[in-house]
Amino acid sequence: MATNTINLSALYTSTSLRVLSSNSPQNAPSLSFYSHFKPSVQLPSISYKPYGNTIRHSSLFVVTAVKTLSETELVDVPLTAEEFNSKFPSETGVYAVYDKNLELQFVGISRNIAASVIAHLKSVPELCSSVKVGVVDEPDRAALTQAWKSWMEEHIQATGKVPPGNESGNTSWVRQPPKKKKPDLRLTPGRNVQLTVPLDELIDKLVKENKVVAFIKGSRSAPMCGFSQRVVGILESEGIDYESVDVLDEEYNYGLRETLKKYSNWPTFPQIFVNGELVGGCDILSSMYEKGELAGLFKK
């Protein structure tokens, strides 16, 4: 397929996605997205092309200086994984999210557009009804920022205001700093301390008094096996408040592995309990995650 090229002649030295809000069409808000404009700098050429083949992805356009927000077709957010994968690329570019009233809520750039849209669907589903997507072929930072800037300026010129999600101070659409990880639980005061309650009773009390408990190899901040790492990743990506117990901790959880195997009648680790009941290990949790079944499980 033939590929066209264009030259960009502007360089912006800062890449913050924040803009100053304003309600006056006559005084359009200044963009804090860049701090210095250097027209004398010549940028490398970038190529642009439609994403994928023209039949399957005919509604997706690459956005460059010559493609506008209004020219890009609106794609309804699909409900099934198959529809989503066929319509939203895991490539780099710019995207705009609209609510059910076709009001533009947010304009962003991403190195993985599909992943960003999924994240927004999880965090603000009520504001995500349709999306415009522009894939930038072989992008550099300047090309991406220029694509974002062109869409933002077009919207501001048409409406006199910044999309709500891009207003200064808005935190609904921006990934927040990771929360401080909770400490792992310890079942005993120490290996050399005589227990007054059998270990299996301590396990029973723990899983019944906490909604979600994950018995993993290693700590939640440093899992010691790939399966445990996968489980921690799933729980945290879903925003689940859970307790973790390191089955490899021989000082404070001595004998836990063998006792837990008998208690749960499950031979491997990790093991995940919800409301006092064993859900299973990594394979089962991963399968439920891929099918979108975890939300219902954790709401019970």
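Which strands does helix 2 lie across, and at about what angle does helix 2 run to strand 4? I would like to start there, with the reminder that what we are looking at is a predicted model. Helix 2, which covers residues 113-123, lies across strand 4, strand 5 and strand 6, and its direction makes an angle of about 25° with strand 4. Helix 3, residues 141-159, also lies across strand 4, strand 5 and strand 6, and in its case the angle, taken to strand 5, is about 170°.

Let me turn to the sheet itself. These strands belong to an open sheet of 4 strands, in the order 3-6-4-5, with antiparallel pairing. Its edges are formed by strand 3, at 75-76, and by strand 5, each of which pairs on one side only. As general background, the strands of a sheet pair through backbone hydrogen bonds, in either a parallel or an antiparallel arrangement. At the strand 3 edge, the partner is strand 6, residues 130-135, and the two pair in the antiparallel sense over 2 bridges; within strand 6, Val131 is the residue that stands opposite Val75.

Now to the aromatic side chains, for which a search of the whole structure finds 4 pairs. One of them is formed by Tyr95 and Phe106, a tilted pair with 6.2 Å from centre to centre and 55° between the planes. Because Tyr95 lies in strand 4, residues 93-98, and Phe106 in strand 5, residues 104-110, this pair ties together parts that are 11 residues apart in sequence. Tyr95 has a relative accessibility of 3%, so it counts as buried, and Phe106 is likewise buried, with a relative accessible area of 5%.

Elsewhere, Phe215, Tyr263 and Phe273 are linked by ring pairs into a cluster. There are also arginines placed over tyrosine rings: Arg186 lies over the face of Tyr252, at 3.8 Å from the ring centre, while Arg220 lies over the face of Tyr242, at 4.0 Å from the ring centre.

Finally, a word on the protein as a whole, which has 8 helices and 10 strands. Of its 300 residues, 43% count as buried, and the protein exposes about 16400 Å², with carbon and sulfur atoms supplying 50% of that area. If we take the contacts between residues at least 6 apart in sequence, 66% of them join residues that are at least 24 apart.

Technical notes. Residues numbered from 1 in each chain as written. Predicted model: local features only at pLDDT ≥ 70, side-chain atom pairs only at ≥ 80, totals over all residues. Heavy atoms only, no water. Phe/Tyr/Trp six-rings, centres within 6.5 Å; stacked < 30°, edge-to-face > 60°. Buried < 20%, exposed > 50% of the residue type's maximum accessible area, 1.4 Å probe, protein only. Lys NZ or Arg CZ within 6 Å of the ring centre and 35° of its normal. Contact = heavy atoms within 4.5 Å. Areas by Shrake-Rupley, 256 points an atom, 1.4 Å probe, with all protein chains shown as cover. Pairing = 2+ DSSP bridges. Axes fitted to C-alpha atoms, helices over the stretch in contact; angles between N-to-C directions.
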